[in-house]
Amino acid sequence: MIFISIGILFVCIFSGVPVCFAFLTTAIYFLVSGSYDPSFMLPTGVNKMSSVVLFAIPMFIMAGGIIAKANIGDRLIDLVEDTWLGRKKGGLGAIAVVSCALFGSITGSASATLSCIGTIMLPRLEKAGYPRGYRATLLTHAAVLGMLIPPSALMIVYAWVGGQSVLASFLAIVFPGLMLTALFVVLNFILLKNDPNLLMVEHLESELLCQAKRKKQLAALPALALPVIVLGGIYTGVMTPTEAAAVSVAYSILIGKFVYHGLTWTKLKECLLHGASATGSIMILIFCVMMLSRIYVMEDLPSKILQMFYAVSTNKYMVLIMINIFMLILGCLMDDTSAVLLCTPILVPIVKEIGVSPVQLAAILAVNIGMAGITPPCAPLLYFGGNMAKAPISEMAKPTVILLLFAWLPTLLVTTYIPQFSLFLPRLILGM
């Protein structure tokens, strides 16, 4: 019966049924078969939604929308542009990557990062002579840093479902996120080293340059303070992630309206409506997935999957490879939140059985799901980035393969097989 339900789930997904309804259809199968009673399944879905931790997700979404519409992202980009990156050939691409990392440290969302930074940077990259497919690919891959630079909405969901510390999950993805950022910057310079069509960022004479820099730096300080307040509040224990999300919304409104004057009441209303709509979608998804996840746990699906892995090999490192493949496939078939909601209750018992920390699994899962979002054939983020840049997927294929092989894969291997890489900060700061 359990494998029939999995078959129903994948048939629904491949048939184009929205993911949340695919989960609901599979859960209904257990009801129709008489295996479970509605009085058991419905309270499970409702109870899971009544968590304060979940309030952080829609608020970070709202903060991202406000930052994008209030031109706060422009200030962060201007600040990065004045560093040494702006004086190098291909430096504008590196600026785009670092800007995505900075923006991700505020919103925790890949799609919000791509929407905001892509809107700002794509015209600049085009003007500087960056190939259409390359600039679309670079920004799309860099936008995934929104998942891997804390605070991450993905890690909030993982910690909530897996019963782990949100702060520990945040700390686990810091080094993988920084490694990806560094590899993207290095590969960007290597790939564009011999491109004769690139234009350098124009600079003023020294005196005028210093005055312009000081002006930009002062203007960027309120924007730069936002990630400092959010991350500092979380890491010092002054604020919970939910409280930090609320502070990020309030602070974004204040500086967007009264400092940068880019936020109108109409734009604020649009952001709030978008946040409310996203909240409704997420709650429906959680309700459906949590019912199905509860059934899978009751049916002991984790043990069944582990037995299948052991049938291939009992070696811990081989099992980790199979877990990575399992997560990558699921991540390619559904959105990141759905994949985390489904994977977490299944994989946490499995990694505990083979002696892997669930906190390390948080980092492995984040890298896998992030990579799945830009891995063909599904690659929802890749198509989104291509549409924004008006670039066909054929032009994005080569740089995507290069970034997957020389940035994503090394990061995934290090995160999977060197536990200290993701566990160092949680152990140092939280004493785990």
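Visitor: Why does Glu270 count as partly exposed?
Guide: Its relative accessibility is 39%. Buried means under 20% relative accessible area and exposed means over 50%, with partly exposed in between (1.4 Å probe, protein chains only). At 39%, Glu270 therefore falls in the middle class. One caution: this is a predicted model, so local features need pLDDT of at least 70 and side-chain atom pairs count only at pLDDT 80 or more, while totals for chains, interfaces and linings use all residues. Residues are numbered from 1 along each chain as its sequence is written, and side-chain values use heavy atoms, with hydrogens and water left out.

Visitor: What makes Lys69 and Glu270 a salt bridge?
Guide: Their side chains meet at 3.2 Å, N to O. The term asks for a side-chain nitrogen of Lys or Arg within 4 Å of a carboxyl oxygen of Asp or Glu, so this pair, at 3.2 Å, qualifies. Lys69 sits in helix α4 (residues 56–69) and Glu270 in helix α15, 201 residues apart, so the pair links distant parts of the chain. Those helices are DSSP runs (H or I, at least four residues; strands are E, at least two), numbered from the N terminus. Lys69 has 32% relative accessibility, so it too counts as partly exposed.

Visitor: How many salt bridges turn up in the whole structure?
Guide: The search finds 2. Besides the Lys69 and Glu270 pair, there's Glu395 with Arg132, whose closest N and O atoms are 2.5 Å apart. Glu395 lies in helix α21 and Arg132 in helix α8 (residues 132–143), so this bridge ties together parts that are 263 residues apart in sequence. Relative accessible area is 33% for Glu395 and 34% for Arg132, and each counts as partly exposed.

Visitor: What makes α10 a largely enclosed helix?
Guide: Just count: 10 of the 10 residues of helix α10 (residues 153–162) are buried, so the rest of the structure largely encloses it. Among them are Met155, Tyr158 and Trp160. After α10 comes Gly163, with a positive phi near 70°. Before α10, in the loop between α9 (145–148) and α10, you'll find Pro151.

Visitor: How do you know that the peptide bond from Pro150 to Pro151 is cis?
Guide: By omega, which is near 0° there.

Visitor: What makes the phi values of Asp300 and Lys390 worth a look?
Guide: Phi is positive in each, and neither is a glycine. For Asp300, in the loop between α15 and α16 (301–312), phi is near 60°. For Lys390, in the loop between α20 (380–389) and α21, phi is about 55°. With a relative accessible area of 38%, Asp300 is partly exposed, whereas Lys390, at 64%, is exposed.

Visitor: What goes into the largest nonpolar core?
Guide: A nonpolar core is a set of buried Ala, Val, Leu, Ile, Met, Phe, Trp, Tyr and Cys residues joined through side-chain atoms within 4.5 Å. The largest one here has 155 residues, and those with the most contacts inside it include Phe23, Met121, Tyr296 and Trp408. Helix α15 (residues 265–298) supplies the largest share of this core, 14 residues.

Visitor: Why is Met121 called buried, and what does it touch?
Guide: Its relative accessibility is 0%, so it counts as buried. Met121 belongs to helix α7 (residues 110–127). Leaving out residues up to four places away in sequence, it touches Ile77, Leu92, Ile95, Ala96 and Leu139, where contact means heavy atoms within 4.5 Å. Counted likewise, Tyr296 has contacts including Ile2, Phe30, Pro302 and Ile346.

Visitor: How do you know that Ser248 is buried?
Guide: With 0% relative accessibility, Ser248 counts as buried. Ser248 lies in helix α14 (residues 241–259), and leaving aside neighbours within four places in sequence, it contacts Phe60, Ala63, Leu226 and Val230. Its side chain also reaches the backbone oxygen of Ala245 at 2.6 Å.

Visitor: And what makes the nonpolar patch with Val401?
Guide: Patches take residues with over 30% relative accessible area and no salt bridge, joining like charges within 9 Å and nonpolar side chains (Val, Leu, Ile, Met, Phe, Trp, Tyr) within 5 Å. Val401, in helix α21 (residues 393–417), is partly exposed at 44%, and it forms the patch with Leu405, Phe406, Leu409 and Leu413. Together they have about 440 Å² of accessible area (Shrake-Rupley method, 1.4 Å probe; for residues, only the protein chains shown count as cover).

Key
Polar contact = N/O pair within 3.5 Å; in protein donor to acceptor, adjacent residues only side chain to side chain.
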